[in-house]
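Visitor: I would like a friendly tour of this model, one question at a time. Could you show it to me and set out the terms as we go?

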Amino acid sequence: MQTDYQIEEVLAVQNTLGEGPLWHPEEEALYWVDIDEGRFHRLNPATGHHEVFEVGVPLGALAFRQQGGLLLATKNGFAFWDEATQTPNFFTDPEAHKTDARFNDGAVDRQGRFWAGTMGDESNNALENIGRALSAFSPCIIWSNAKPRSRFCRWQKQRIWALSVTARWEVVY
């Protein structure tokens, strides 16, 4: 099989558990998390400039905020990243009662809502949204741009489920 592309290493970061790459079009930068190390990275491929930001707790996902800045889903709940102080500002922890749980993956849906799935509490993982929770789903999220439907993975059951979430927070299985 012949290919029309060539793969090359751009940066040898040696993440422990690197996931969730996100492209920021205005910054022309690639962001990703190193979950177990509690940090996120930003790379400008044009210049090769690479930055590492220490969050201090396991970090499952991040999202870009419409007004600028980052939203984080961490072991200690949701936080806004304070660029000036280089620290997370935690504002809610919907899974605080589950000592083994942490956020593992997250994504923004077509309505601009950030959803993040938890893992670690095998019998009671959850899909959380700031202020909303749908229990029993975790930890990967795949939003479809073509249809108002998303896919959720449950690793323990080796299944992928689909459900629809309307603009009014109604869940349709």
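Guide: Let us begin with a term: two strands pair if DSSP finds at least two bridges between them. Strands (E, at least two residues) and helices (H or I, at least four) are DSSP runs, numbered from the N terminus. This is a predicted model, in which local features need pLDDT of at least 70 and side-chain atom pairs count only at pLDDT 80 or more, while totals for chains, interfaces and linings use all residues. Residues are numbered from 1 along each chain as its sequence is written, and side-chain values use heavy atoms, with hydrogens and water left out.

Visitor: Which residue in the turn between β7 and β8 has a positive phi?

Guide: β7 and β8 form a hairpin, with 4 residues between them. The two strands run antiparallel and are joined by 5 bridges. In the turn, the residue with a positive phi, about 60°, is glutamine 86.

Visitor: Which residue of β8 stands opposite tryptophan 81?

Guide: Tryptophan 81 belongs to β7, which covers residues 77–82. Phenylalanine 80 stands opposite asparagine 89 in β8. For tryptophan 81, the residue opposite is proline 88.

Visitor: How many residues join β6 to β7 in their hairpin?

Guide: β6 and β7 pair in the antiparallel sense over 4 bridges. Alanine 73 stands opposite phenylalanine 78 in β7. The number of residues through which the hairpin joins β6 to β7 is 2.

Visitor: Which are the edge strands of the open sheet?

Guide: The sheet has 4 strands in the order β5-β6-β7-β8, with antiparallel pairing. Each edge strand pairs on one side only, and the edge strands are β5 and β8.

Visitor: Which strand gives the most residues to the largest nonpolar core?

Guide: A nonpolar core is a set of buried Ala, Val, Leu, Ile, Met, Phe, Trp, Tyr and Cys residues joined through side-chain atoms within 4.5 Å. The largest has 13 residues, and those with the most contacts inside it include Phe40, Val55 and Trp81. β2 (29–34), β5 (59–64) and β6 (70–74) each supply at least two residues of this core. With 3 residues, the strand that gives the most is β2.

Visitor: Which proline is in contact with valine 55?

Guide: Contact means heavy atoms within 4.5 Å. Leaving aside neighbours within four places in sequence, valine 55 is in contact with residues including Phe40, Leu72 and Trp81. The proline in contact with valine 55 is Pro88.

Visitor: Is glutamate 95 buried or exposed?

Guide: Buried means under 20% relative accessible area, exposed over 50%, and partly exposed in between (1.4 Å probe, protein chains only). Glutamate 95 lies in the loop between β8 (87–92) and β9 (102–108). Leaving aside its neighbours within four places in sequence, glutamate 95 is in contact with Ala101, Phe103, Thr118, Ala126 and Glu128. Because its relative accessible area is 7%, glutamate 95 is buried.

Visitor: How many contacts does the stretch 167–173 have in the model, beyond near neighbours in sequence?

Guide: The chain averages a pLDDT of 77 (the predictor's confidence in each residue, from 0 to 100). Over residues 131–140 the pLDDT is below 50, and beyond near neighbours in sequence this stretch has 39 contacts. Where pLDDT is low, the predicted coordinates should not be read in detail. Residues 167–173 also have a pLDDT below 50, and the number of their contacts beyond near neighbours is 18.
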